[in-house]
Amino acid sequence: MFKEAKYKMSIERLSQLKDELHYLQTVREKEVAQQIKEARSFGDLTENSEYDDAKTEQGKLYSKIAEIKNLIENVEIVKASEKKDKVGIGSKVTVKDLEDNSEEVYEIVGSQEADPAEFRISDDSPFGRGLMERKVGEVVEIEAPAGLLRFEVLKIN
């Protein structure tokens, strides 16, 4: 038998997922059931697009509920690194791109909280793995489709 994947996230993210699951199972599920009930009242279900749409929405809802339940059941709570001398989960890291000398600040988070557009990088991503356990002044080389990227760690918060 295979081992279930663990989903790294903070306690805050777990709380958000539990709130979302509660909303989907109570409020949203009743709304979709009402849509199906209304669509049935229109008569012949074989040519009833409202009914088909409502059933499709119900399928998506149940899929989302199952996905969130799986995340909650297989959660691995990660705490922000207490060490400020090395990069860890929860660290905010200022890095300098050694190719163009630009600086960016990234937050290292668990995989379920990653949002590259918000500079929240998963510890499981190539960039996140490359930064983990690094110290200020170290150069990180990341193999990417665009080639080898080089960054210097400037600051760890």
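Start by selecting helix H2, residues 49-73. H2 has 25 residues and spans 36 Å from its first C-alpha to its last, close to the 36 Å expected at 1.5 Å a residue; the expected span here is 1.5 Å times one less than the number of residues in the helix. Helices (H or I, at least four residues) and strands (E, at least two) are DSSP runs, numbered from the N terminus.

Before you click on, a word on what you're looking at: this is a predicted model, where local features need pLDDT of at least 70 and side-chain atom pairs count only at pLDDT 80 or more, while totals for chains, interfaces and linings use all residues. Residues are numbered from 1 along each chain as its sequence is written, and side-chain values use heavy atoms, with hydrogens and water left out.

**Stop 1: the buried residues of H2**

Stay on H2 and show the side chains of Tyr-51, Ala-54, Gln-58, Leu-61, Ile-65, Ile-68, Leu-71 and Ile-72, which are buried. Buried means under 20% relative accessible area, exposed means over 50%, and partly exposed is in between (1.4 Å probe, protein chains only). What do the buried residues of H2 pack against? Bring up strand S1 (7-9), H1 and S2, and you have the answer. Contact, throughout this tour, means heavy atoms within 4.5 Å.

**Stop 2: Arg-28**

Next, pick Arg-28, which sits in helix H1. Is Arg-28 buried or exposed? With a relative accessible area of 18%, Arg-28 is buried. Leaving aside residues up to four places away in sequence, Arg-28 touches Tyr-23, Glu-57 and Leu-61. Leu-61 should look familiar, as one of the buried residues of H2.

Now add Glu-31. Arg-28 and Glu-31 form a salt bridge, with the closest N and O atoms 2.7 Å apart. A salt bridge is a side-chain nitrogen of Lys or Arg within 4 Å of a carboxyl oxygen of Asp or Glu. The two residues are three apart in helix H1 (residues 11-40), so about one helical turn separates them. Glu-31 is partly exposed, at 34% relative accessibility.

Then add Glu-57, whose side chain meets that of Arg-28 in a salt bridge (3.0 Å, N to O). Glu-57 lies in helix H2 and Arg-28 in helix H1, so this pair ties together parts that are 29 residues apart in sequence. Glu-57 counts as partly exposed, with 26% relative accessibility.

**Stop 3: other salt bridges**

How many salt bridges does a search of the whole structure find? It finds nine. One of them is Lys-86 with Glu-133, where the closest N and O atoms are 3.8 Å apart. Lys-86 is in the loop between strand S2 (75-77) and strand S3 (92-97), and Glu-133 is in the loop between helix H3 (126-131) and strand S6 (139-144), so the pair ties together parts 47 residues apart in sequence. Both ends are partly exposed: Lys-86 has a relative accessible area of 26%, and Glu-133 has 44%. For a network of salt bridges, select Lys-8, Asp-123 and Asp-124, which are linked in one.

**Stop 4: the sheet**

Switch to cartoon view and find the open sheet of five strands, ordered S5-S4-S3-S7-S6 with mixed pairing. Which strands are at the edges? Strand S5 (120-122) and S6 are, each pairing on one side only. From one strand to the next, the twist averages 45° (axes are lines fitted to C-alpha atoms, for helices over the stretch in contact, and angles run from 0 to 180 degrees between N-to-C directions).

Take S3 and S4 together. They run antiparallel, joined by five bridges; two strands pair if DSSP finds at least two bridges between them. The bridge partner of Lys-92 in S4 is Glu-107. S3 and S4 form a hairpin with five residues between them, and Asn-101 in the turn has a positive phi of about 60°.

Strand S4 (residues 103-109) pairs with S5 in the parallel sense, over three bridges. Glu-107 has Arg-120 as its bridge partner in S5, and Val-109 has Ser-122.

**Last stop: Val-93**

Finish on Val-93 in strand S3. Val-93 is buried, at 0% relative accessibility. Its contacts, not counting residues up to four places away in sequence, include Val-87, Tyr-106, Ile-108 and Val-153. Try the C-alpha atoms of Val-93 and Ile-156 too: 63 residues apart along the chain, they are separated by 4.7 Å.
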